[in-house]
Structure formats: structure tokens, C-alpha cells
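Let's take a friendly walk through this structure. Have the sequence and the 3D view open, and follow along one topic at a time.

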Amino acid sequence: MNKDEIGGNWKQLKGKAKEQWGKLTDDDFTVIEGRRDQLVGRIQERYGYAKDQAEKEVRDWETRNDYHW
């Protein structure tokens, strides 16, 4: 999967991510722009999770949405 494909898929899945993590703002999603490490970091920040917990949430979300970067 190339960078353009990842970006396009992210735009489609951003709404589902917003539903999952309502504390993340539009500005957060602008910064994230489909980068997994940024998503994990923002979840840690907004929810006060440890990195392992944020990683698990993202992994579970990826599985439910059949999304892999």
C-alpha cells in the first residue's frame, strides 16, 4: 500500500475513529493524518492511557475496521 492509498483510506475511516475516540479533536485528526504513531500518542494524551493501553485500543480498532497501515 502506498502513501496515497493510506491517506485515502484514512479519510474514509476518520469518521469511525472519531466515533471511537470522541475526545480527539478535529485538530488532533489533522495532526494524525493517517499516521498510526500519532494516533496512539494522541489517545495517550487525551485519555491519560499508558502506551500499551493506547496501542491495544488502536490494534482492536484496526481489527474491527479491517484497517492496517
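## Overall layout

How many helices and how many strands are there in the protein? The count is 4 helices and 0 strands. Please keep in mind that this is a predicted model. Reading along the sequence, you will meet the pattern α-α-α-α.

The protein has 69 residues, and 29% of them count as buried. What share of the contacts between residues at least 6 apart in sequence join residues at least 24 apart? That share is 40% in this protein.

## How α3 and α4 pack

Helix α3 covers residues 36-47 and helix α4 covers residues 51-65. The two pack at an angle of about 125 degrees, and their axes lie 9 Å apart. Is that roughly parallel, roughly perpendicular or oblique? The angle makes α3 oblique to α4, because it falls outside the 65 to 115 degrees that count as roughly perpendicular and is not over 145, where roughly antiparallel begins. The crossing of α3 with α4 is right-handed.

If you would like to pick out the contact in your viewer, select Arg36, Leu39, Val40, Ile43 and Gln44 on the α3 side. On the α4 side, the residues that meet them are Lys51, Ala54, Glu55, Val58, Arg59 and Glu62. Sorted by class, this contact of α3 with α4 holds 5 nonpolar residues, 1 polar residue and 5 charged residues.

## Three residues of α4

Let's begin with Glu62, which sits in helix α4 and takes part in the contact with α3. Is Glu62 buried or exposed? With a relative accessible area of 8%, Glu62 is buried, since the cut-off for buried is under 20%. Its side chain is joined to the side chain of Arg36 by a polar contact of 2.8 Å. Arg36 is also one of the α3 residues in the helix contact described above.

Trp61 is placed in α4 too. Its relative accessible area is 1%, so Trp61 counts as buried. Along the chain, Trp61 and Lys16 are 45 residues apart, yet the distance between their C-alpha atoms is 9.1 Å. Glu57 is another residue of helix α4. Which residues does Glu57 touch, leaving aside those up to four places away in sequence? They are Gln20, Trp21 and Tyr49. Glu57 and Val40 are separated by 17 residues in sequence, with 8.5 Å from C-alpha to C-alpha.

## Phe29 and its neighbors

Now move to helix α2, where you will find Phe29. This residue has 1% relative accessibility, and therefore counts as buried. Not counting residues up to four places away in sequence, Phe29 touches Trp10, Lys14, Ala17, Lys18 and Leu24. Its C-alpha atom is 9.0 Å from that of Arg42, which lies 13 residues apart from Phe29 along the chain.

One of those neighbors, Lys14, belongs to helix α1, which covers residues 3-20. Lys14 is partly exposed, as its relative accessible area is 25%. In sequence, Lys14 and Glu33 are 19 residues apart, while 9.0 Å separates their C-alpha atoms.

## Glu33 and its backbone

Where is Glu33 placed? You can find Glu33 in the loop between α2 (26-32) and α3. Its relative accessible area of 39% makes Glu33 partly exposed.

The backbone here deserves a look. Most residues other than glycine have a negative phi. Glu33, however, has a phi near 40 degrees, which is a positive value in a residue other than glycine.

Methods: Residues numbered from 1 in each chain as written. Predicted model: local features only at pLDDT ≥ 70, side-chain atom pairs only at ≥ 80, totals over all residues. Heavy atoms only, no water. Axes fitted to C-alpha atoms, helices over the stretch in contact; angles between N-to-C directions. Parallel < 35°, antiparallel > 145°, perpendicular 65-115°, else oblique. Left-handed = near helix turned anticlockwise from the far one by under 90°. Contact = heavy atoms within 4.5 Å. Nonpolar A, V, L, I, M, F, W, Y, C, P; charged D, E, K, R; others polar. Buried < 20%, exposed > 50% of the residue type's maximum accessible area, 1.4 Å probe, protein only. Polar contact = N/O pair within 3.5 Å; in protein donor to acceptor, adjacent residues only side chain to side chain.
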